[in-house]
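Reader: I should like to work through a few features of a structural model and learn how each is to be read. Where might we begin?

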Amino acid sequence: MSAEIIDGKELAHELRISMKGEVLELKRDGLTPHLTVVLVGEDPASRSYVRGKQKATDETGISSDLIELSVDTSESELLQLIDKLNEDPSVHGILVQLPLPEQIGEQKVIESINPAKDVDGFHPFNIGRMMSGGDTFLPCTPYGILTMLKSKNIPIEGKHVVIIGRSNIVGKPVGQLLLNENATVTYCHSRTKDLKNHTTKADILIVAVGKPNVIKADYVKQGCTVIDVGVNRLDDGSLTGDVDFESVKHTASYITPVPRGVGPMTITMLLKNTIKAAKGLSDN
Ligand SMILES: Nc1nc(=O)c2c([nH]1)NC[C@@H]1CN(c3ccc(C(=O)N[C@@H](CCC(=O)O)C(=O)O)cc3)C=[N+]21
């Protein structure tokens, strides 16, 4: 038996069509959602993601601009720019591409963004709101994963979700989001002992490690849903996930591929958050 593939690219496409309609209506009312992306330095991977984001905004009629700063930009220069964007009423969403050069404190930058424009959902205000279940910008990758699970009606309530990875942008928030959906959540990470003992108990396994092929079929329970968040660029230029797709697809019941899986959904949720920002985050 082979798992059903959750096609993130296809789902992203469907969602973008409906967002395009929504953007058109907002424009008729004189409101064009606008996203400003800030890119510091020349990292080729970052450049490629940023291009993907711009293509996506164009596709849905969201307006966007890219501010490119040199790799030696100081922290205070970047903070000044963010202040200016925070004050600019024509800018609804601000995304500062991560990682940043080492002279710039990432957390300081994240905390300087007006939470009402924080379409990445990385500001502590929005993280806190997510934890208490309030209206907020959900971080894009976790939000994309939740949307993929729901699109296939994969049950979450009462299910055992195992997450490998505890980053602030993927591992931690995806666990919180699925906890809000009444899952039982286990976090695994680099210091976890006997990883396999945990992963083989998962109904839903979320892998965000950043190393190719770390999860093989013997780490996965029969019928498990496997979500691969890995984006690993191989020497030949191709992109691969953290999961050994070819072996795991025979054990899992659902599996996400890389490319065409979580990545396109991440960008789609960014568009969704930008539209939400333009409409204004409610303050309850
Ligand atoms: N402030 C900030 N917000 C982010 O959301 C953010 C970030 N910084 N830094 C980097 C990571 C990574 N990320 C990806 C988004 C889309 C794809 C994606 O669409 N990938 C395509 C393939 C693209 C290709 O072939 O290059 C796919 O998986 O099918 C991948 C990775 C967002 N990130």
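The dialogue below takes up a helix pair, the surroundings of the ligand and some backbone features.

Author: Please note at the outset that this is a predicted model.

Reader: How is the packing of two helices to be read?

Author: Two packed helices are described by the angle between their axes and by the distance between those axes. Here, helix 2 (residues 44–60) packs with helix 10 (residues 262–279) at an angle of about 50 degrees, and their axes are 10 Å apart.

Reader: Why are helix 2 and helix 10 called oblique to each other?

Author: Angles under 35 degrees count as roughly parallel and those from 65 to 115 as roughly perpendicular. The angle of about 50 degrees belongs to neither class, and therefore helix 2 and helix 10 are oblique to each other.

Reader: In which hand does helix 2 pass helix 10, left or right?

Author: The crossing of helix 2 past helix 10 is right-handed.

Reader: Which residues of helix 2 and helix 10 meet?

Author: From helix 2 come Gly52, Lys53, Ala56, Thr57 and Thr60, and they meet Ile267, Leu270 and Leu271 of helix 10. By class, the residues of this contact are 4 nonpolar, 3 polar and 1 charged.

Reader: Let us turn to the ligand. How many residues surround the ligand, and which are the closest?

Author: The ligand is surrounded by 19 residues, of which Leu98, Pro259, Arg260, Gly263 and Thr266 are the closest. In composition, the shell has 11 nonpolar, 6 polar and 2 charged residues.

Reader: Which elements supply at least two residues each of that shell?

Author: Helix 2, strand 4 (93–96) and helix 10 each do so. Helix 10 gives the largest share, 4 residues. In terms of domains, at least three residues of the shell come from each of domain 1 (30–114) and domain 2 (140–262).

Reader: Which backbone features deserve attention in the loops?

Author: One may look at the omega angle of peptide bonds and at the sign of phi. The bond from leucine 98 to proline 99 is cis, with omega near 0 degrees, and proline 99 lies in the loop between strand 4 and helix 4 (106–112). The bond from valine 258 to proline 259 is cis, with omega near 0 degrees; proline 259 sits in the loop between strand 11 (254–255) and helix 10. Leu98 and Pro259 are among the closest residues to the ligand.

Reader: What is the phi of asparagine 182, and where does that residue lie?

Author: Asparagine 182, a residue other than glycine, has a positive phi, near 70 degrees. Its place is in the loop between helix 7 (171–180) and strand 6 (184–188).

Technical notes. Residues numbered from 1 in each chain as written. Predicted model: local features only at pLDDT ≥ 70, side-chain atom pairs only at ≥ 80, totals over all residues. Axes fitted to C-alpha atoms, helices over the stretch in contact; angles between N-to-C directions. Parallel < 35°, antiparallel > 145°, perpendicular 65-115°, else oblique. Left-handed = near helix turned anticlockwise from the far one by under 90°. Contact = placed C-beta atoms within 7 Å. Nonpolar A, V, L, I, M, F, W, Y, C, P; charged D, E, K, R; others polar. Near = placed C-beta within 6 Å. Domains from an automatic or database assignment.
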